[in-house]
Structures are given as structure tokens and as C-alpha cells.
Amino acid sequence: MKNVFPYWIILAMGMFSGTLFAQEVNPEMIDFIKKEALSPGDYIVKTFERYDVVFLGEQHVIKENLLFVQQLIPQLYENGILTLGMEFGANEVQDKLDELVTSEVYDENLAKEIMFTYNVAWGFQEYVDVYKAAWKLNQSLPEGAPPFRILNLSYIYNWEKFTGKRDRETTELVFDKGPVDKFRAELIEKEVILKNKKMLALVGTPHAYTRYASSSLNFNSDHFCDFDDNWLGNRLYKKYPEKVFSILLHQAFTQKEKDTYFLVSPAGGAIETLMALNDNQPAGFDLIHTPVGALPDRSMNAICYENFTMEQFFDGYIFLEPLRDLEGCTVIEDFVNEKNIDHAIKNFPDPDWHQPIKSLEDMKHFIHGLSKDISIRFHNL
């Protein structure tokens with residue numbers, strides 16, 4: 001059972017983060033949420049009245065986000081949105097995925113194979129079950145109706161060619177089809193925008209940036225900052241600003257003090273406070289030109305920005321549950337097994353970012369760790 005958190009504790013958390021809610025959460029913001037916020041599904045559908053490609057920026061491995069997307073698929077279809085783009089999927093097996101979601105009998109093993117082909121460590125049931133949700137919808141459609149499609153947005157990376165050093169030569173070997181977000185942007189342009197279709201895209205938060213450019217310190221740049229606006233959403237927004245919209249799924253932000261990184265609540269906890277005042281009802285709402293969008297944020301997202309606010313970060317926002325109630329995804333125990341472990345070890349992604357994977361036990365420990373990490377760290381916020 002999920003804990004019920006007293007409101008005074010939420011307030012105290014904000015105090016400790018250095019945010020005095022009395023100065024930031026005002027009646028105008030509360031009134032906006034109570035009067036303008038919609039259910040998350042209705043908010044997404046309404047957004048498609050104005051835009052053709054809507055990005056959902058997720059912090060990976062959060063169960064509630066994936067359950068929401070699964071439940072959303074019938075509502076998308078009813079409103080003429082027939083495609084869901086997923087970061088976790090390789091274009092090379094798109095034909096297999098198309099076959100899976102339109103077949104008479106659902107093939108769970110094929111579903112796991114499709115996910116494994118893209119990322120050998122992504123053994124999470126809720127991601128794979130997005131395929132099943134699409135299949136269930138397609139089974140219910142009348143004969144001749146167009147099927148709902150899941151579009152794999154990525155390609156297969158050659159991690160077995162990684163030398164251990166991130167230089168240009170190695171990067172070109174691993175990512176042999178070029179920068180991943182360039183590939184994704186061109187694919188969405190070809191498969192969705194130029195065909196006058198609509199698509200919801202579930203991608204990691206940075207890939208969903210549209211107007212926002214991620215920043216970093218550079219002591220040889222003007223104002224000592226560099227800005228990267230070559231993420232997936234950035235690329236499409238620059239070319240089709242009237243067609244692209246970004247929505248942030250509620251998640252923790254990262255902060256740094258000295259050499260220590262830690263998680264913080266968005267806008268210093270103010271969004272969680274607003275949602276608590278709204279009985280923590282799931283909600284979707286705009287950030288641009290709204291009272292909530294004017295909330296300041298002092299996380300690492302604000303580096304190199306003056307007076308950074310939430311509306312500079314994303315166009316819209318979806319709240320499903322408080323951070324403390326979010327859980328890690330369910331691990332598929334046989335996703336990596338004795339038959340595929342050798343291939344998995346050779347193709348383990350970003351091996352220099354993690355402890356070495358040398359055995360099936362190591363791989364299972366890694367996958368379980370990704371899920372547990374969400375539950376443990378978020379529950380402390």
C-alpha cells in the first residue's frame with residue numbers, strides 16, 4: 001500500500017530545499033490548476049488539436065509512466081492519433097513489430113526479442129507491454145480499419161566495437177548511422193510529418209527538448225557557457241515549430257553541490273505542493289504563459305540561464321502521482337538468459353558508465369538495480 005504523506009511534511013521538504021512556498025505557490029497558481037488542468041489523457045488529446053508531434057519526456061524505468069501510456073492508446077486511436085513513437089526500439093526490426101501488433105495471436109517471446117535487439121539490458125515488463133496494449137486495441141478494430149502502430153525511433157548500435165575510449169573514431173563505429181537524434185528526427189519527418197499524420201513520442205527527457213537547450217560550463221566560451229540544441233525535439237522544432245510540442249512527465253531533477261549529485265523535486269517542490277492542494281489528482285496542463293510555468297527552478301537544468309523558470313524547460317506538464325509514490329518497472333527475469341548472455345555482454349550499452357558485466361548474474365543484478373534505484377531514491381523526496 002502506498003503511504004499517505006501529511007501535507008505538513010511536504011511543506012517541510014520544501015523548506016529544506018531552500019524554497020519558501022509562501023513566496024512561490026500563490027492563489028493564482030492554485031486557481032489555474034483547479035480550473036484549467038485536465039486529466040492527463042484529455043490534455044494530450046487536446047494538445048493534438050494544435051500540434052502533430054507531441055513528445056512525452058520520461059525519466060526512464062518509472063512504472064506509472066508506462067502504465068499511463070498503455071492505457072492511453074485507445075484514447076489516442078479514438079481521436080485520430082494512430083502512431084506511438086518509442087525511443088526504446090530499433091528501426092531494423094520495425095517489420096517484426098508491425099507484425100506483432102497486428103497478428104491474430106500475441107507472441108510474448110517475439111515482443112521480448114524486439115526489445116532485446118535494441119537494448120540487451122532493457123528487460124522491463126511495462127515497456128514490452130506497450131506492444132501488447134497496441135495489439136489488444138488492434139484486435140478490437142473492425143475489419144478494414146487502419147491499425148494502431150508503434151514506431152521504433154532508434155537503430156541498432158554496435159557496442160561490441162567500443163574500444164573503451166570515447167573518441168571520434170570509436171563513436172563512428174558504435175553509432176554507424178550517425179547521431180542518434182538526427183536519425184530519429186529524420187525518421188519522424190519521413191514517417192509522420194511529411195505524411196500529415198500525428199504521433200505521440202515517448203522518449204527520455206533530453207530527447208524531448210524543443211525550445212530548451214541543455215547547457216554546460218565552458219571557460220573558453222562567451223559567458224562561459226555552451227548550449228546544445230541538437231536533441232531530437234530541438235531538431236524538429238527548428239524546422240517545424242508550429243507542429244511540435246513537448247510535455248514533461250513528472251519526475252525528479254538533478255542538483256549538484258561541490259562534487260555531489262542528488263535528486264530534487266521540480267521547482268523546489270512547488271509543483272508537488274500545488275498537486276497536494278489539488279488532492280494529488282492526475283493532471284495535465286500548459287506551462288507556457290501560465291502561472292505554473294512562471295515557477296522558478298534552481299536545479300542543474302538552470303545552469304547558464306538567468307531567472308530560469310519551468311516554461312523555459314517544457315511546453316506542458318503531466319502529473320500522475322507524487323514522486324514518493326512512483327515505482328521502478330517490473331523486471332523480466334528471463335529477458336537475459338543462458339542462451340543470449342554472451343551476446344548481451346558483448347552488446348552491453350555504455351559499458352564505460354557502469355561496473356563491468358562479466359556474467360549472467362552481473363547482468364541480472366544490473367537490470368534489477370535500475371528498477372530498485374527509482375523506488376529507493378524517489379521515496380526519499
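Let me start with a definition: a disulfide, for today, is a pair of cysteine sulfur atoms within 2.5 Å. In chemical terms, a disulfide is a covalent bond between the sulfur atoms of two cysteines. Please keep in mind that what we have in front of us is a predicted model.

So, how many disulfides does the structure hold? Just one. That disulfide joins Cys225 to Cys304, with an S to S distance of 1.9 Å. The link of Cys225 and Cys304 is left-handed, at -90° about the S-S bond. Cys225 sits in strand S6, residues 225–228, while Cys304 is in the loop between strand S10 (283–286) and helix H13 (310–313), so the bond ties together parts that are 79 residues apart in sequence. As for accessibility, Cys225 is buried at 12%, whereas Cys304 is partly exposed at 26%. There is also Cys329, which is buried, with a relative accessible area of 2%.

While we are around those two loops, let me point out some backbone angles. Phe224 belongs to the loop between strand S5 (214–217) and S6. Its phi is near 65°, a positive value in a residue other than glycine. Phe224 is partly exposed, at 49% relative accessibility. His289 is in the loop between S10 and H13, and its phi, near 60°, is again positive in a residue other than glycine. Is His289 buried or exposed? Exposed, with 74% relative accessibility.

Now let's go inside. In soluble globular proteins, nonpolar side chains tend to be buried together. Here, the largest nonpolar core has 123 residues, and the members touching the most others are Ile44, Phe55, Leu56, Tyr131 and Met363. Which helix gives the most to this core? That would be H8, residues 125–140, with eight residues.

Take Phe55 as a way in. Setting aside residues up to four places away in sequence, Phe55 touches a long list of partners, including Ile188, Ala201, Val203, Leu232, Gly233, Leu236, Val244 and Phe245. Some of those names come back in helix H11, residues 232–239, where the buried residues are Leu232, Gly233, Asn234 and Leu236. The buried residues of H11 pack against strand S1 (53–58), H10, strand S4 (199–204), S6 and strand S7 (244–249).

That brings us to H10, which spans residues 180–193 and contains Arg184. For those of you who like charged side chains, Arg184 counts as buried, at 3% relative accessibility. What does the side chain of Arg184 make polar contacts with? One partner is the side chain of Tyr157, at 3.4 Å, and another is the side chain of His207, at 3.4 Å. Beyond its neighbours within four places in sequence, Arg184 is also in contact with residues that include Glu87, Tyr118, Leu153, Ser154 and Leu232.

Glu191 is in helix H10 too. At 16% relative accessibility, Glu191 is buried, because the cut-off for that label is under 20%. Its side chain makes a polar contact with the side chain of Arg149, at 3.3 Å. Leaving out neighbours within four places, the residues in contact with Glu191 are Arg149, Leu151 and Lys197.

On to the aromatics. The count comes to 30 aromatic pairs. One of them is Trp122 with Phe124: the ring centres are 5.1 Å apart and the planes are at 85°, so this pair is edge-to-face. Trp122 is buried at 7%, and Phe124 is buried at 0%. Both belong to one aromatic cluster, whose members include Phe88, Tyr118, Tyr127, Tyr155, Tyr157, Trp159 and Phe183. Tyr157, you may recall, is the residue whose side chain meets that of Arg184.

Last stop: helix H3, residues 27–36. The buried residues of H3 are Met29, Phe32 and Ile33. Why do they share a side of H3? Because they cover an arc of only 95° around the axis. The face turned away from the buried side carries the exposed residues Pro27, Glu28 and Lys35. And the N-terminal end of H3 is capped by Asn26, with a side-chain oxygen 3.1 Å from the backbone nitrogen of Glu28.

That's my tour; happy to take questions!

Conventions: Residues numbered from 1 in each chain as written. Predicted model: local features only at pLDDT ≥ 70, side-chain atom pairs only at ≥ 80, totals over all residues. Heavy atoms only, no water. Buried < 20%, exposed > 50% of the residue type's maximum accessible area, 1.4 Å probe, protein only. Helix = DSSP H or I, 4+ residues; strand = E, 2+ residues; numbered from the N terminus. Arc of directions from axis to C-beta. Polar contact = N/O pair within 3.5 Å; in protein donor to acceptor, adjacent residues only side chain to side chain. Contact = heavy atoms within 4.5 Å. Core = buried A, V, L, I, M, F, W, Y, C linked by side-chain atoms within 4.5 Å. Phe/Tyr/Trp six-rings, centres within 6.5 Å; stacked < 30°, edge-to-face > 60°.
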